[in-house]
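Visitor: Pick one part of this model and take me through it closely, please. I'd like to see how its pieces fit together.

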Amino acid sequence: MTMKRLLLTSTIASALAGAAMIPSLAVADESGATSEKAVLNIAPRMRTSWVRNFNPYNKTTFLPTTNEFVYEPLAIYNLMQGGKVHYRLAESIEYSEDLKSVTFKIRDGVKWSDGKPFTAKDVLFSFNLIKEHGALDNRSIWERIDGIELIGDNSVRFSLPQPDGGAAIEIVQVPVVPEHVWKDVEEPVSFTNENPVGTGPMTEVERFTPRLYVQCRNPHYWDNDNLQVDCLRLPQLANNDQVLALAQRGELDWFGSFLPDIDKTYVASDQDHHKYWFPAGSMVAFNFNLASDHAGNNQAFNNVDFRRAMSMVMDRQAMVNIAGYGYPTINEYPSA
């Protein structure tokens with residue numbers, strides 16, 4: 001069966017831009033000064049504590065507003081729109097006829113949040129950085145590409161070991177960091193990057209505690225005119241119950257979570273503003289340990305007839321109705 005991940009909104013229709021009403025709150029920076037800003041209260045991830053780590057290559061403790069919000073990608077392939085390309089730091093993507101190289105033209109006029117220009121050299125530096133420090137290459141991109149070079153003043157070309165029409169989809173998911181900052185970092189793998197310099201829309205950390213942090217607009221963001229949100233506010237929430245409690249009180253504007261009987265537990269408390277959306281999600285599956293140390297289990301789990309029998313006795317509809325509150329859809333072609 002397929003479990004559709006639940007995304008919920010309260011008043012806000014879009015994370016950063018849109019026509020919905022956005023609350024205006026007094027935000028205090030680290031010096032104690034306050035200002036009125038449009039703040040989006042979000043809970044994209046549940047954690048027991050926030051750790052101030054904005055290293056975009058660290059997948060263990062990095063914060064959910066690091067990639068995209070601090071480090072904008074070259075482009076976004078929108079799976080909800082059939083893979084439509086939305087260009088961000090890049091203006092175009094062009095493959096060679098033999099599909100053994102792909103060239104990205106970098107957008108002109110983009111600046112880092114400290115005001116220094118962003119160029120193709122930063123892209124070159126970032127990919128060479130993760131090649132030199134393999135622990136940073138968490139997408140194994142250097143198995144997908146075998147070289148990168150500057151082309152002209154502001155383009156980069158990636159060479160590919162074999163024809164690969166899907167390489168660009170992976171390339172754009174690699175964060176690009178500023179050379180003028182990271183070239184002086186002695187240990188980039190363990191670097192926590194507490195005060196990040198980025199190209200994205202939300203780079204300024206105005207408040208940070210283990211229980212709450214606030215991240216606000218990049219003063220030099222190239223697309224600032226299209227933003228309707230000034231800050232992101234992220235309370236620390238450890239489980240679904242805590243998320244639901246804040247959501248019911250109207251203290252969250254956007255979050256992703258599993259809520260049982262959502263129409264009753266969430267929507268009913270404010271039907272005008274409490275909305276939800278089910279985007280496509282990942283499979284819900286039972287996995288057998290094919291390498292089990294227990295001889296009997298090993299023999300059974302590696303027997304396709306045993307796995308088929310297990311599959312046949314499972315009441316999938318009951319699992320959907322009871323465990324999934326009717327959210328998943330049954331896979332018509334289960335495998336064993």
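Guide: Two strands count as paired if DSSP finds at least two bridges between them; strands (E, at least two residues) and helices (H or I, at least four) are DSSP runs, numbered from the N terminus. This is a predicted model, where local features need pLDDT of at least 70 and side-chain atom pairs pLDDT 80 or more, while totals for chains, interfaces and linings use all residues. Residues are numbered from 1 along each chain as its sequence is written, and side-chain values use heavy atoms, with hydrogens and water left out.

The chain has eight helices and 14 strands, but let's stay with one open sheet. Its four strands come in the order β6-β7-β9-β8, with antiparallel pairing. β6 and β8 are the edge strands with a single partner each, so one side of each has no neighbour in the sheet. Ignoring direction, neighbouring strands are turned by 20° against each other on average. Further in, five bridges join β7 to β9, and S101 has S159 of β9 as its bridge partner.

Now add the helix. α1 lies across β7, β8 and β9, at about 170° to β8 (axes are lines fitted to C-alpha atoms, for helices over the stretch in contact, and angles run from 0 to 180 degrees between N-to-C directions). For its 13 residues, 1.5 Å a residue predicts a span of 18 Å, and the end C-alpha atoms sit 19 Å apart, which agrees; the expected span is 1.5 Å times one less than the number of residues. Plenty of α1 is buried, including A120, V123, F127 and I130, where buried means under 20% relative accessible area with a 1.4 Å probe, protein chains only. The cover over those buried residues includes β7, β8 and β9 from the sheet, plus α2 and α3 (179-182).

That brings us to the largest nonpolar core: buried Ala, Val, Leu, Ile, Met, Phe, Trp, Tyr and Cys residues joined through side-chain atoms within 4.5 Å. Of its 51 residues, L74, F104, V123, F127, F158 and I171 touch the most other members. Elements giving two or more residues include β6 (90-95), β7 (101-106), α1 (120-132) and β9 (155-159), and α1 gives the most, with seven. L74 is in contact (heavy atoms within 4.5 Å) with A90, F104, I106, V123 and I171, among others, leaving out residues up to four places away in sequence. A second, separate core of 13 residues includes L244, L252, L259 and Y327.

Definitions and conventions. Buried means under 20% relative accessible area, exposed over 50%, partly exposed in between (1.4 Å probe, protein chains only).
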